[in-house]
Structures are given as C-alpha cells and as structure tokens.
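Work through the exercises below with the sequence and the 3D view open. Try each task before reading its solution.

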Amino acid sequence: MGKDKLRKFSEINEFSNVYQLEEGYANKGKWAQAHFKNENPLVLELACGKGEYALGMARIYPDKNYMGLDLKGNRIWRGAKSGMEENITNLAFLRIQIEDILDYFGPAEVAEIWITFADPQPRESREKKRLTSSIFIEKYRQILKPGGKINLKTDNDMLYHYTLDKIAELNLVLHKSTADLYQSDLVDDVLSIKTHYENIYLKKQKNINYVQFSLS
Ligand SMILES: C[S@@+](CC[C@H](N)C(=O)[O-])C[C@H]1O[C@@H](n2cnc3c(N)ncnc32)[C@H](O)[C@@H]1O
C-alpha cells in the first residue's frame, strides 16, 4: 500500500465521523440517537467512494442524517475530512462490505437509499454482487421504512436495464427513470450533485441513467 493510502487509513481511525467494521455494531438500530443525537430520518449512500452524494445532500438538508458506506477507507477519508472541515454534523461514514449491511442497521431504520455509480458486475457469474440484485433488494427490505425510496445513478446501461427488469420481476414500484438524466426534466439540486466517477464519465460524453423505486 502506498504512503498516502496508509496515512489516510491511520487518519480515519481517529475521525469521529467514521466507523470501521465492528465499531459500527453497537449503533445498529439506533444511529440517529447514538451518533447523530437526534431523531431525524437516516439516508444511506451505498458504494459511496469519496461520498459526494452523502456530503452534498447533508449540506442541502441539515434536518436529515446521511451515511456513506464503502469498503475503501482511503476513499471514505475524502468525504469524512470535508464533513469535519465544514463542521457538518449530519454526515457519517461506515467502512463495511455492503453484503453485511444487516449487521449494522435495524428494521425500518433507513428512510432512503442512494446507490451511486456502483460497480456494474457485468459478468453473469457476478450477478448476485450487483447492488440491485434480488439478494440486495431483500436486505434493503429489512432495513427500509415502508415506502422508502431507492435511487440508482449509473453510467452503466446494462445495470440500469437490469434494475428496471428487476423492478418489474419483483413487482416493485417505479417512481422515476431516465436513460439520459441531463437531457431530462428530472434534474434538481440533488440530482445535479456529481461524483468523482460521474465526472469521468461525463467527460467522455457518457449518458447518465437514473432510476428511483420503492419496495411497496
Ligand atoms: C465505481 S466506484 C463509485 C464510487 C462513487 N460512488 C463515485 O461515484 O465516485 C464503486 C465503489 O463501490 C465500492 N464497493 C464496491 N463493491 C462494494 C461492496 N460490496 N461493499 C462495499 N463497497 C463496495 C468500491 O470500493 C468503490 O469505492
């Protein structure tokens, strides 16, 4: 591991807005009270990388709590550092495998989920690893409030169509979808937030897909 990555890894150990692996167990079911010290709704950004969505939304909506989840500590470092420098108290990060999400959140604890430019896992043999596969949807069902929305923003056309098919197959509720977000009339303050990977795709003139759905 490079020196910079090692430094970031050791720094996030000390950050009060970052929980790593089993450090997060104790807050299962009570993040609002235990970490955020309020009763506000909890919104998750999955595969958050540097956490641009969690950070951007936390700035816009101080009356909601935001958490970014990713396995890579050196990426989480960026969002967590910005959150601390700006004194944003409604933002935290959890470094975990998203597969283990049920170990960290309780029934109906989560108001909304954002999945931002997740790895598309194009190989059929990795289908179960897609963050909108049936396996993950069933996990989200256990932690989302009734009617809680799931938002997927992706450059990957296959993952977009796979998610639309999954919504139909599982009889989920489709709220919004577009294969070309910036040519659509859906863009607002939140959907205008751009992540590190999104900026790379936009430079290559890639269309950005967006879908919003709920489980009931
Ligand atoms: C393509 S990057 C997108 C990062 C960020 N959302 C962005 O748009 O810039 C995908 C991220 O998902 C994370 N990731 C992929 N699979 C994961 C998993 N199963 N659990 C936790 N993080 C995962 C990776 O570490 C990586 O940071």
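**Exercise 1.** Which residues in the largest nonpolar core touch the most other members?

Solution. Keep in mind that the model is predicted. Start with the size of the set: the largest nonpolar core has 35 residues. Within this core, L44, L46, M67, F105 and Y140 touch the most other members. Next, take M67 and leave out residues up to four places away in sequence. The contacts of M67 then include W31, F36, L42, V43 and L44, and also E45, A54, A92, L94 and F105.

A second core of 25 residues lies apart from the largest one. Among its members are I12, I76, W77 and F117. In soluble globular proteins, nonpolar side chains tend to be buried together.

**Exercise 2.** Find where the ligand sits and list its polar contacts with the backbone of I98, T116 and Y197.

Solution. First, locate the ligand: it sits in the largest pocket. Second, look at what is around the ligand: 17 residues surround it, and the closest are A47, D70, R75, T116 and T195. Third, go through the contacts one by one.

- A polar backbone atom of I98 is 2.9 Å from a ligand nitrogen.
- For T116, a polar backbone atom is 2.8 Å from a nitrogen atom of the ligand.
- An oxygen atom of the ligand lies 3.0 Å from a backbone N or O atom of Y197.

Last, consider area: the ligand alone exposes 590 Å², and the protein buries 90% of that.

Technical notes
Residues numbered from 1 in each chain as written. Predicted model: local features only at pLDDT ≥ 70, side-chain atom pairs only at ≥ 80, totals over all residues. Heavy atoms only, no water. Core = buried A, V, L, I, M, F, W, Y, C linked by side-chain atoms within 4.5 Å. Buried < 20%, exposed > 50% of the residue type's maximum accessible area, 1.4 Å probe, protein only. Contact = heavy atoms within 4.5 Å. Near = heavy atom within 4 Å. Polar contact = N/O pair within 3.5 Å; in protein donor to acceptor, adjacent residues only side chain to side chain. Areas by Shrake-Rupley, 256 points an atom, 1.4 Å probe, with all protein chains shown as cover. 1 Å grid on protein atoms, 1.4 Å probe; cavity = no way out; pocket = protein on both sides within 12 Å on 5 of 7 lines; lining within 4 Å. Sits in = over half its atoms within 2 Å of the grid points.
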